[in-house]
Amino acid sequence: MSRKIFIAATGMNAGKTTISVSLMHLARKKYGRVGFIKAVGPKCQVFNGITVDKDAALMARIFGLEEDIAHMSPVVLGRGSTKKFIDGEIPALWPVERITEAVAALEKKNDFLIIEGSGHGGVGSVIGLNNARVARITGAPVILVSGGGIGNVIDSVQLNLPLYRMEEVPVKALVVNKLLPEKRETSLSYLGRSFKPYGIEVIGAFDWSPVLANPTLNHISRLLEHPLRGDQTQGTRIVHHIQLGAASSQKVIDGLDQSTLLVVTSSRDELLVTISSLYHIPAYREKIAGLVIPGHAPVSAITQQILDGSNIPVIRIRETTADVFSAMKHHVSKISAEDTEKIELVKAQAEEILDFDHLDSLLD
C-alpha cells in the first residue's frame, strides 16, 4: 500500500495547487512512482476525451500522468450535478464508490499518492463529500494550506478544523504560503505557538512573489476568451502591471512599469502607434508586455498595419474598456501547464524551502 497525503486548504487562492506541484516534484525524487488524484472536482474540462477536473488535467500534463487521468478525477461536479444529487438522480453512494475505486487503482501502481482537496473544508458537502470526509474515506492524513498573515490564518484554520475533528482525521501540518519576506519569521513563530497545543506543525512555504501571483499573457487571453496575436513566443511572459491608457500618450509612457500590459481603446490611434513603435526599443520592450485593445470602433487600417509590423502581443476585444479592465484587475492567476517559467520556478524553490523528508515523516 502506498503512502498517502491529503492536501486541503483553508480557502480559495491559498496556493494549494502550487503546493501540490511542489510535493509531486519532491516526492518523485524520493519515490519511484508517485500518483495524483483530485477526488472531487468542481471545475471541469474535457481532457483526452474525458471530462475531468482542471487540476487533475494540469498535473497529468506537467508530470506525464495522462494514462491515469480516468482515475485522477473520479468525481466531477459539472453543470447541474448539484441538483441531480439533491433530486436523487445521482445515487448517494456513487461518489464514494468512485473515489474508493480510483484510490485503490492508483495505490496499486504508486509508492506515494497525493490526494488534493477542493477549496475550503466544506466544499463537496452538497454530495456528502466535504474535504474531511474524503480524507477519511481515502485514509490519508491531512496537511492544510493557507495564505500568509497571523490573525486571518488562525481564524481560517479554526473554521476548518471542526470538520476534520468530526471525521476523526489527523491534521498533521499547516503549510503557510504567500508570506511577506520581511514578516516571514515573525508570522511563522506566532503561528507555530498558536497551533502547538493542537499538535499541528507549522511549515513555511512560498513567500509572496509577483512572478507566481501575476498572470501571463496566455492567462489574460484565456480570461478574455480572445486570441493573443503578434509574437506568440511572448505568451508565457508574466504581466506585473496592468495600466489603463486613458491619459495623454506622454503620461502613459512615463507611467510604464516593468512588464506592463496596456489597455488602450481602439479609437486611440496615436497611443497605439506610439506604443507599437516603442516596442522595437529594448529598454521599452522590458516595460511593454503587450496591448489589450477593447472597443466597438474599428482600429484604423494604417494603425493596424503598424501594430502587425511591430509584432507586439495584442488581444483585440470588442467589450468596453471598463469591463475589460475590471475583469483583468480582479482576476486571480492560476498555474497552467503552459506556464513553464512558473512551473520551473515552483520546482526550484520547492527544493530550497520545503523539507520533504520531514513532511513525509509526519505522515507516520
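**Exercise 1. Place Asp53 and decide whether it takes part in a salt bridge.**

Step 1. In this predicted model, Asp53 sits in strand β5, which spans residues 50-53.

Step 2. Asp53 is buried. Its nearest side chain of opposite charge is Lys38, at 4.1 Å.

Step 3. A salt bridge requires the nitrogen and the carboxyl oxygen to be within 4 Å. Asp53 has no salt bridge.

Step 4. Look next at the polar atoms of the Asp53 side chain: one of them lies 2.8 Å from the backbone nitrogen of Asp55.

Step 5. Beyond four places in sequence, the contacts of Asp53 include Lys38, Gly41, Pro42, Lys43 and Cys44, and also Ser73 and Val76.

**Exercise 2. Describe the pair Asp360 and Lys30, and the network around it.**

Step 1. The closest N and O atoms of Asp360 and Lys30 are 2.8 Å apart, and the two residues form a salt bridge.

Step 2. This pair links distant parts of the chain, with Asp360 in helix α17 (residues 356-361) and Lys30 in helix α1 (residues 16-30), 330 residues apart.

Step 3. Compare the accessibility of the partners. Asp360 has a relative accessible area of 3% and is buried, whereas Lys30, at 42%, is partly exposed.

**Exercise 3. Do the same for Arg285 with Asp231, and for Glu270 with Arg268.**

Step 1. Arg285 and Asp231 meet through their side chains in a salt bridge, at 3.6 Å from N to O.

Step 2. Arg285 belongs to helix α13 (residues 282-285), while Asp231 is in the loop between α10 (217-224) and β11 (241-244); 54 residues separate them along the chain.

Step 3. Arg285 is partly exposed at 33% relative accessible area, and Asp231 is buried at 12%.

Step 4. For Glu270 and Arg268, the N to O distance in the salt bridge is 2.6 Å. Glu270 is partly exposed at 40%; Arg268, at 14%, counts as buried.

Step 5. Return to the network: salt bridges with shared partners join Arg3, Lys30, Asp357, Asp360 and Asp364. The count of salt bridges comes to 17.

**Exercise 4. Classify Leu188 as buried or exposed, and list its contacts.**

Step 1. Leu188 is found in helix α8, residues 184-195.

Step 2. The cut-off for buried is under 20% relative accessible area. Leu188 has 17%, so it is buried.

Step 3. Leaving out residues up to four places away in sequence, Leu188 touches Val176, Leu179, Val202, Ile203 and Gly204.

**Exercise 5. Find the cavity and its lining.**

Step 1. There is one cavity of 30 Å³ or more. The largest cavity has a volume of about 60 Å³.

Step 2. Among the residues lining the largest cavity are Phe6, Ala39, Val40, Glu116, Leu129 and Val134.

Methods. Residues numbered from 1 in each chain as written. Predicted model: local features only at pLDDT ≥ 70, side-chain atom pairs only at ≥ 80, totals over all residues. Heavy atoms only, no water. Helix = DSSP H or I, 4+ residues; strand = E, 2+ residues; numbered from the N terminus. Buried < 20%, exposed > 50% of the residue type's maximum accessible area, 1.4 Å probe, protein only. Lys, Arg positive; Asp, Glu negative; His and termini not counted. Polar contact = N/O pair within 3.5 Å; in protein donor to acceptor, adjacent residues only side chain to side chain. Contact = heavy atoms within 4.5 Å. 1 Å grid on protein atoms, 1.4 Å probe; cavity = no way out; pocket = protein on both sides within 12 Å on 5 of 7 lines; lining within 4 Å. Points joined across faces, edges and corners; volume = space filled by probe spheres on them.
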